[in-house]
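Colleague: I'm new to this one, so please pick a single part and walk me through it closely. Once that's clear, follow it outwards to whatever else is worth a look.

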Amino acid sequence: MTMSSDRDTGGVPPRARRALAAVLTAGVVGAVLSATLVVAPDARAAEPGETWIPELSLDGGDDVNVVATAGAIRLADGVVRAQSARSPYAEGELLLPPRRTAAPVDRVDARATADVPPGGEVHVDVRGLRANGTWSQWTPAEPGAPAVLAQPTTDLQTRVTLVAGDFGASPSLQRLWLAATRGPAQPLPSTTAPAPTTTTPPAPTTTPAPTTTKPPVTTTPAGPLATPAVSSRVFATRIGLVGNSTANGHVVKPRDHFVALPSRRGLAPKGTGDYTVKVCAENGRCSWSPVWDVGPWNIRDDYWNTPGARQEWKDLPQGFPQAQAAYQRGYNGGKDGFGRRVANPAGIDLADGTYYDDLQLRDNSWVTVTYLWTGTAPSALARPTNAPTIVVRSAPTDSSSAVGAVAAGARMAVTCTAAGQLRAGSQGTSDRWLQVGPQQYVPAAAVEAPRVSSC
């Protein structure tokens, strides 16, 4: 849910892991806010279904830039913001513990009691745990419109994002009232869509000239019974910004390994790989990196979704970033969601380690990005020992050529397992290697993974 004044807005963290192990006992979302105080209705007057009022507390270390004071949740300071998008507005994030419902649900409604200053915003989002052990993307609960999940689930989680208003004034959240229900069956989301064929104008001198046509959105093979993840070809730029705090509270390090996408719907909680992208460059190298910031250019452009599901810019095709449309076509007057003139068609930003080390790029480039949370393949977590990444090999041996890297904590879609060189790692000693793409293997000894069939 969003409340705005007069500006245009374009694994499981520590507390969540404890709650899931215990029985997942607390929060989820949706909201109705106003610029003045809005009083939540009594839970006994709720719609039919499971209802609750979560405790708004900070006790797990996974909240970002918020404090509990005077009976409300407020922003702590002005350091955290959507760095990649160069947002001028400070923000913070309250991540409620997961909650287990008595029966499968796919809709979450809510009411909130909050003060929202002029220019301020409060976003309330919900996600559900899926059958393959991964979270669905964050789904907003707008006024009068419950969050609708792609599939029913019994495990839900809420995130509330506070964005500062004019002169840095903080919103004040006092209460959430929540209701979860099961609605009629929904059509399956599309994982493919034709992207427009466009003639790309000459790029600025700071970026290489892209190809003359934009290929269609494609999908990545993900196993015989799995839904393939959405992929698209977009322009990648470098984040830099070492020492700054990203939208999820991560402090950017030299040679860091993460990416930014222009929507909070794919923003992973700090330190997790809940939302990971596979980025492949034209040199054949690929990187698996978590999404830890919001940008470039926009903050509400979830372009990997179908037009009907997209938060904004619903007249653009799936896989086509708003910044690219503005740069190539003059869409929105050639401006982004903040009203700034778009200087390049970037749809993803790469941290320095992802950019230089994993992909071995030397300039901004067109890349193919797979948004792994949009698929349902078996999912594995990278657990390297004393290293920021796991080297991806072209065959299941250390002597095979290196073809990319997986950042620590990032997720991978696993297709099968193959016998190879004996390796020791965080998961023990094994000669098994996991295939994470065509001629792409990682040692099972360094990966937390489910059982998969032999290749």
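Modeller: Let's start with W297, which counts as buried because its relative accessibility is 16%; buried means under 20% relative accessible area, exposed over 50% and partly exposed in between, with a 1.4 Å probe and protein chains only. Before going on: this is a predicted model, where local features need pLDDT of at least 70 and side-chain atom pairs count only at pLDDT 80 or more, while totals for chains, interfaces and linings use all residues. Residues are numbered from 1 along each chain as its sequence is written, and side-chain values use heavy atoms, with hydrogens and water left out.

Back to our tryptophan. W297 sits in the loop between β14 and α2; these labels are DSSP runs numbered from the N terminus, helices being H or I with at least four residues and strands E with at least two. W297 isn't a glycine, yet its phi is positive, about 70°. Just before it comes another thing to spot: G295 and P296 are joined by a cis peptide bond, with omega about 0°. P296 belongs to the loop between β14 and α2.

Follow that loop further and you reach W313. The structure holds ten aromatic pairs, and one of them is W313 with Y331, an edge-to-face pair with 5.9 Å from centre to centre and 70° between the planes. Here rings of Phe, Tyr and Trp (its six-membered ring) pair if their centres lie within 6.5 Å; planes under 30 degrees apart are stacked, over 60 edge-to-face, and the rest tilted. W313 is in the loop between β14 (286–294) and α2, while Y331 is in the loop between α2 and β15, so the pair links distant parts of the chain, 18 residues apart. W313 counts as buried at 12% relative accessibility, and Y331 does too at 18%. Ring pairs also link Y275, Y303, W304, Y371 and W373 into a cluster.

Now α2 itself, residues 322–329. Seven of its eight residues are buried, so the helix is mostly covered. The buried ones are Q322, A323, Q324, A325, A326, Y327 and Q328. What do they pack against? The buried residues of α2 pack against β11 (229–238), β15 (346–350) and β16 (365–371). After the helix comes G330, with a positive phi near 75°.

From β15 it's a short hop to A351, in the loop between β15 and α3 (352–358). A351 has a relative accessible area of 1% and is therefore buried. Leaving aside neighbours within four places in sequence, A351 is in contact (heavy atoms within 4.5 Å) with I239, D256, H257 and F258. There's also a link back to β14 country: the C-alpha atoms of A351 and W292 are 9.8 Å apart, with their positions 59 residues apart along the chain.

The second largest cavity is worth a visit as well, with a volume of about 70 Å³. Ten residues line this cavity, and the closest to its centre are H123, D125, R264, R300 and Q311. A cavity is a set of points on a 1 Å grid over the protein atoms alone where a 1.4 Å probe fits but cannot get out, and lining residues have an atom within 4 Å of a point. The volume is the space filled by probe spheres set on the points, which are joined across faces, edges and corners.

Last, some strands. β20, β17 and β24 form an open antiparallel sheet in the order β20-β17-β24. β20 (411–413) and β24 (447–448) are at the edges with a single partner strand each, so one side of each has no neighbour in the sheet. Two bridges join β17 (residues 379–382) to β24, and two strands pair if DSSP finds at least two bridges between them. L381 stands opposite E448 in β24.

Elsewhere, β2 (residues 66–69) and β3 (residues 72–75) run antiparallel, joined by four bridges, and V66 has L75 as its bridge partner. They make a hairpin with two residues between them, and A70 in the turn has a positive phi of about 55°. R86, in the loop between β3 and β4 (91–95), is another non-glycine with a positive phi, near 55°. R86 counts as partly exposed, at 46% relative accessibility.

How values were computed:
On a 1 Å grid over the protein atoms alone, a cavity is a set of points where a 1.4 Å probe fits but cannot get out, and a pocket is an open set with protein on both sides within 12 Å along at least five of seven lines; lining residues have an atom within 4 Å of a point.
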